[in-house]
Amino acid sequence: MWQRIQTLYLLFTILFQWVSLLIPIGNFKVDDNQGQSFCLLNDISTIESIIFSVIVTLLATWIIVSFKDRKKQMQLCRFLTWIIIAEVITAIIGLRLFVLGQPTMPEYNYAFLALPIAIMVFPILAKHAIRKDDELVRSSNRLR
C-alpha cells in the first residue's frame, strides 16, 4: 500500500491542500510603506477552506486505504478532482469578493496560483497510476 506511487501522489495532495491555507495570497500596500498580507485561512473563506481541506484529506485517505478495489479508487480519484475544482472556484469567488471590499488593489503571490493546479494534478496522476496497476494485474492474470 505505502510503496505505490499513487499513495505518494495522494499524500502530496493532502500536504499541499493544508499548505495552501497558510501561504499568503498577496498583500496590500498601505500608505506608510508597510504591506498587510492576507491569506485564505485568516481573511477570505475560513469555514469553506477548512471544510474543503477536511473533505480532501478524508477522501484521499479513503482512497489510499481502499487499495484492494482499484475501480473504486479510480472513481474516488475522479470525485476528488471534482471536489478540488469546486474548492478552487469557491476560493476564487471568495478572493474576488474580499478584494472588492478593500480600498487598494493587492499584489498577488503567484506561487499561490501554482498550488491549486498542483493540488488538482496529483489526484489525476494517482488515477493514472492506479489504472496502470490495474492493467499490470490483468496482464499478469492472463499469463497464468
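Helices here are DSSP runs of H or I at least four residues long, and strands are runs of E with at least two. Counted that way, the protein chain of this predicted model comes to five helices and three strands. Going along the sequence, the order is α-β-β-α-α-α-β-α. The chain has 144 residues, and 38% of them are buried.

Next, the open space in the fold. A probe about as big as a water molecule, rolled over the atoms, shows where empty space is left. The largest pocket turns out to have a volume of about 260 Å³. Its lining takes in 17 residues, and those nearest the centre are V88, A91, I92, F112 and P116. Three helices each give two or more residues to this lining, namely α1 (5-22), α4 (70-100) and α5 (110-143). As for chemistry, the lining of the largest pocket splits into 13 nonpolar residues, three polar ones and one charged one.

Then there is the outside of the protein. I5, L8, L11, F12, L15 and V19 together make a nonpolar surface patch of about 470 Å². One of these patch residues, F12, sits in helix α1, a helix that also gives two or more residues to the lining of the largest pocket. Is F12 buried or exposed? Neither label quite fits: its relative accessible area is 37%, so F12 counts as partly exposed, a class that lies between the buried cut-off of under 20% and the exposed cut-off of over 50%. Patch residues need over 30% relative accessible area, and F12, at 37%, therefore clears that bar.

How values were computed
Residues numbered from 1 in each chain as written. Predicted model: local features only at pLDDT ≥ 70, side-chain atom pairs only at ≥ 80, totals over all residues. Heavy atoms only, no water. 1 Å grid on protein atoms, 1.4 Å probe; cavity = no way out; pocket = protein on both sides within 12 Å on 5 of 7 lines; lining within 4 Å. Points joined across faces, edges and corners; volume = space filled by probe spheres on them. Nonpolar A, V, L, I, M, F, W, Y, C, P; charged D, E, K, R; others polar. Patch = residues over 30% accessible without salt bridge, like charges linked within 9 Å, V, L, I, M, F, W, Y side chains within 5 Å. Areas by Shrake-Rupley, 256 points an atom, 1.4 Å probe, with all protein chains shown as cover. Salt bridge = Lys/Arg side-chain N within 4 Å of Asp/Glu carboxyl O. Buried < 20%, exposed > 50% of the residue type's maximum accessible area, 1.4 Å probe, protein only.
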